[in-house]
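Welcome, and please take a moment to look over the sequence and the fold below. A short guided tour comes after them.

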Amino acid sequence: MLKVEEQPAAVPASVALALMNTADVKAGETVLVEAVSGAIGGYLARLTEQKGVRVVATAGKGKADIDHDDPDWRQKVPEGLDVVFESIGGPRAAELTAKLGPFGRILAYGMLSGELPVFSVTDLIPRGLTVIGFGGPDAYGKRVAAVRDEALRLVADGTLTPVLDRTYPLADVAAAHARVESREGIGKVVLVP
């Protein structure tokens with residue numbers, strides 16, 4: 001049984017599992033996971049690794065192989081990727097198409113930059129690249145719900161361990177928000193009643 005503070009930290013595992021299934025990740029592939037120090041990115045990296053996938057990870061503040069606080073971080077991504085899990089967004093997301101091998105896939109699911117990712121069809125067609133959008137009620141309402149029981153089972157049986165950065169009592173909500181905004185932590189910040 002999950003502890004009370006672990007339950008909210010387990011929820012992003014459902015999103016990560018739905019993302020992995022949507023991208024149709026296969027053993028032996030190489031994937032880029034952006035924002036791996038966050039809850040969804042962290043679960044996504046661990047789930048794909050468990051499937052026999054090579055993970056190239058980004059995170060801010062030097063918490064991963066590639067520091068995405070560096071404006072030129074995309075140049076440090078190796079070529080030949082099979083899948084890019086795109087959570088940062090913005091017009092520079094298109095630079096990652098050059099890092100994909102033929103028939104590679106980009107699964108766009110976030111916009112940490114505050115902007116949607118932008119891709120040009122002229123970068124996609126010649127190499128058979130696919131962009132898959134993941135958002136809205138269809139993705140979150142249906143796909144995530146469809147894997148929720150499996151994700152929670154993986155957490156409950158210890159296959160996946162929730163990554164808790166810190167827990168705060170509800171009275172310390174301001175301190176919890178400050179911790180999230182600082183981007184210092186790795187994992188989930190949880191308020192407990």
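What follows walks through the sheet, the cores, one helix and a few single residues. Please keep in mind that this is a predicted model.

## The sheet

A good place to begin is the open sheet, which has six strands in the order β3-β2-β1-β4-β5-β6, paired in parallel. Its edges are formed by β3, residues 66–67, and β6, residues 130–133, and each of these pairs on one side only.

Now step to β1 and look at both of its partners. With β2, strand β1 runs parallel and shares four bridges; here V31 stands opposite V55. With β4, strand β1 again runs parallel, this time joined by three bridges, and L32 stands opposite V84. From β4 the sheet continues to β5, residues 100–108, through five bridges in a parallel arrangement. V84 appears here as well, since its bridge partner in β5 is I106.

## Strands inside the fold

How many of the six residues of β2 are buried? Five of them are, so β2 is largely enclosed by the rest of the structure. The story repeats for β4: five of its six residues are buried, and therefore β4 too is largely enclosed by the rest of the structure.

One helix to find beside these strands is α2. This helix lies across β1, β2 and β4, and α2 runs at about 170 degrees to β1.

## Two nonpolar cores

The largest nonpolar core has 34 residues, and the members that touch the most others are L19, V25, V31, L44, F85, L107 and F134. Several elements supply at least two residues each to this core: the helices α1 (6–23), α2 (39–50) and α4 (136–156), and the strands β1 (30–33), β2 (54–59) and β4 (81–86). Which element gives the largest share? That is α1, with nine residues.

L107 is a helpful residue to select in the viewer. Setting aside residues up to four places away in sequence, L107 touches L19, T22, A23, V84, F85, E86, I132 and F134. Apart from the largest core lies another one, of 16 residues, including I66, A94, L96 and I106.

## T58, a residue in β2

T58 sits in strand β2. Is T58 buried or exposed? Its relative accessible area is 0%, so T58 counts as buried.

The side chain of T58 makes a polar contact with the side chain of H68, at 2.9 Å. Leaving aside neighbours within four places in sequence, T58 is in contact with L32, V33, E34, A35, V36, A64, I66, H68 and W73.

## A94, a residue in a loop

Next, look for A94 in the loop between β4 and β5. A94 counts as buried because its relative accessibility is 18%, and the cut-off for buried is under 20%. A94 is also one of the members of the 16-residue core.

What does A94 touch beyond its neighbours within four places in sequence? Its contacts there are V118 and F119. As for distance, the C-alpha atoms of A94 and D69 are separated by 17 Å, while the two residues are 25 residues apart along the chain.

## Helix α4

The last stop is α4, which has a kink of about 45 degrees centred on R148. Which residues of α4 are buried? They are A139, V144, V147, A151, L154 and V155. After α4 comes G158, whose phi is positive, near 90 degrees.

D138 is also in α4. With a relative accessible area of 42%, D138 is partly exposed. The C-alpha atoms of D138 and A35 are separated by 23 Å, and these residues are 103 residues apart along the chain.

Definitions and conventions. Residues numbered from 1 in each chain as written. Predicted model: local features only at pLDDT ≥ 70, side-chain atom pairs only at ≥ 80, totals over all residues. Heavy atoms only, no water. Core = buried A, V, L, I, M, F, W, Y, C linked by side-chain atoms within 4.5 Å. Buried < 20%, exposed > 50% of the residue type's maximum accessible area, 1.4 Å probe, protein only. Contact = heavy atoms within 4.5 Å. Polar contact = N/O pair within 3.5 Å; in protein donor to acceptor, adjacent residues only side chain to side chain. Bend = angle between axes of the 7 residues up to and from the residue. Pairing = 2+ DSSP bridges. Axes fitted to C-alpha atoms, helices over the stretch in contact; angles between N-to-C directions.
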